[in-house]
Amino acid sequence: MTQTEKAEAFKSLHVKGTPVILYNIWDAGSARTLEQAGAKAIATGSWSVAAAHGFEDGEKIPLPLVLTNTKRIVDSVALPVTLDFETGYATDLPGLKENIRNVIAAGAIGINFEDRIIESKELQTIEDQSARVTAIREAAEETSIPLFINARTDVFLKTYPAQHNEDELDEALRRAEAYAEAGASGLFAPGLRDPELIEKLCERSPLPVNILVLPDTPPTKKMAELGVARISYGAAPYRQMSAALTEAARKAFADA
């Protein structure tokens, strides 16, 4: 498939009630493993990519390395590849647009783009983040690639799960409306666990909703019933791999 065909195929996977499962990877080897396991698309996780290269999350891994790693992933599989691009490695719109052009040049057909201010617990204003989403869409259109912009809102990460409420839901929906108008393709709401709030978000969001799997999120089938269109696993796969490696190594050392 061409890059455009991959982008179109990836978008078509986002069906409310029949969610695409993205078991997040970090390098070409893990991408190939997921492809062989039956994945329909490949998604990186920023935390995992950073950890695999010896960095902390939060855009601490150099952008050139992110782009090189992305290209190696794209070249290693036949599936669409979407990149967890955090806040885009730029605070200004021209710099953001240039970075998006480079992401597309590396072969990615989608990004996660969060509204948190990097190295802060605060969120961008709706107006500022919408302008950033618009800039991304404009950069993508310049390349003629229909980039899937998964607009992440960290509204539900600002409070403990037990405190999630209708006010936060309303804020997330205001952001979904604005981001959709700015050119976003999907809405990512990490941290949201409550089934009732998930269902309301899916019902009222103008964008297909992505939920992050956590120990206390509903099971996949339940999330499908609630209307979720995309389910991702974040850093969990890398942590599972690391735990298995640690256990195997300890056993090897103990048997020596």
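What follows is a chat about a predicted model, its empty spaces, its ring pairs and a few of its residues.

Me: Hi! Before we start, what kind of model is this?

Reply: Hello! This is a predicted model.

Me: Thanks. How many cavities of 30 Å³ or more does the structure hold?

Reply: There are 2 cavities of that kind. The largest has a volume of about 90 Å³, and the second largest has about 40 Å³.

Me: Which elements give two or more residues to the lining of the largest cavity?

Reply: Those are helix 3 (46-52), helix 4 (63-76) and strand 3 (81-84). Helix 4 has the largest share, with 4 residues. Among the lining residues are Thr44, Val66, Asn69, Leu83 and Asp84.

Me: And how do the residues of that lining divide by class?

Reply: The lining of the largest cavity has 6 nonpolar, 4 polar and 2 charged residues.

Me: OK, what about the second largest cavity, which strand gives the most to its lining?

Reply: That would be strand 3, with 3 residues. Strand 3 and strand 8 (230-232) each supply at least two. The lining includes Leu22, Asn24, Asn112 and Arg230, and by class it has 3 nonpolar, 5 polar and 2 charged residues.

Me: Now pockets. How much space lies in the largest one?

Reply: About 680 Å³. Of the 33 residues that line the largest pocket, the closest to its centre are Asp57, Arg152, Leu157, Pro190 and Leu212.

Me: Which helix has the largest share of that lining?

Reply: Helix 3, which gives 3 residues. The elements giving two or more are helix 3, strand 4 (110-114) and helix 10 (236-255). By class, the pocket lining divides into 12 nonpolar, 10 polar and 11 charged residues.

Me: Switching topic: how many aromatic pairs are there?

Reply: The count is 5. One of them joins Phe10 and Phe148 edge-to-face, at 5.4 Å centre to centre with 80 degrees between the planes.

Me: What does that pair tie together?

Reply: Phe10 lies in helix 1 (residues 3-12) and Phe148 in strand 5, so the pair ties together parts that are 138 residues apart in sequence.

Me: Are those two buried or exposed?

Reply: Phe10 is buried, with a relative accessible area of 0%. Phe148 is buried too, at 3%.

Me: Why is the Tyr23 and Tyr233 pair described the way it is?

Reply: The ring centres of Tyr23 and Tyr233 are 4.8 Å apart and the planes stand at 55 degrees, so the pair is tilted. Tyr23 sits in the loop between strand 1 (20-22) and helix 2 (28-37), while Tyr233 is in the loop between strand 8 and helix 10, 210 residues apart. Tyr23 is partly exposed, with a relative accessible area of 31%.

Me: Which residues do ring pairs link into a cluster?

Reply: Trp26, Trp47 and Tyr238.

Me: Next, where does Asn150 lie?

Reply: Asn150 lies in strand 5 (residues 148-152). Asn150 is buried because its relative accessible area is 1%, under the 20% cut-off.

Me: What does its side chain make a polar contact with?

Reply: The side chain of Asn150 makes one with the side chain of Asn210, at 3.0 Å. Leaving aside neighbours within four places in sequence, Asn150 is also in contact with residues including Ile111, Phe113, Leu187 and Arg230.

Me: Last one: is Pro64 buried or exposed?

Reply: Pro64, which is found in helix 4, is exposed, with a relative accessible area of 59%. The C-alpha atoms of Pro64 and Asn102 are separated by 9.5 Å, and these residues are 38 residues apart along the chain.

Methods. Residues are numbered from 1 along each chain as its sequence is written. This is a predicted model: local features need pLDDT of at least 70, side-chain atom pairs count only at pLDDT 80 or more; totals for chains, interfaces and linings use all residues. Side-chain values use heavy atoms; hydrogens and water are left out. Buried means under 20% relative accessible area, exposed over 50%, partly exposed in between (1.4 Å probe, protein chains only). A polar contact is a pair of N or O atoms within 3.5 Å; within protein, one must be able to donate a hydrogen and the other to accept it, and residues adjacent in sequence count only if both atoms are side-chain atoms. Contact means heavy atoms within 4.5 Å. On a 1 Å grid over the protein atoms alone, a cavity is a set of points where a 1.4 Å probe fits but cannot get out, and a pocket is an open set with protein on both sides within 12 Å along at least five of seven lines; lining residues have an atom within 4 Å of a point. Grid points are joined across faces, edges and corners, and a volume is the space filled by probe spheres set on the points. Ala, Val, Leu, Ile, Met, Phe, Trp, Tyr, Cys and Pro count as nonpolar, Asp, Glu, Lys and Arg as charged, and the others, Gly among them, as polar. Rings of Phe, Tyr and Trp (its six-membered ring) pair if their centres lie within 6.5 Å; planes under 30 degrees apart count as stacked, over 60 as edge-to-face and the rest as tilted.
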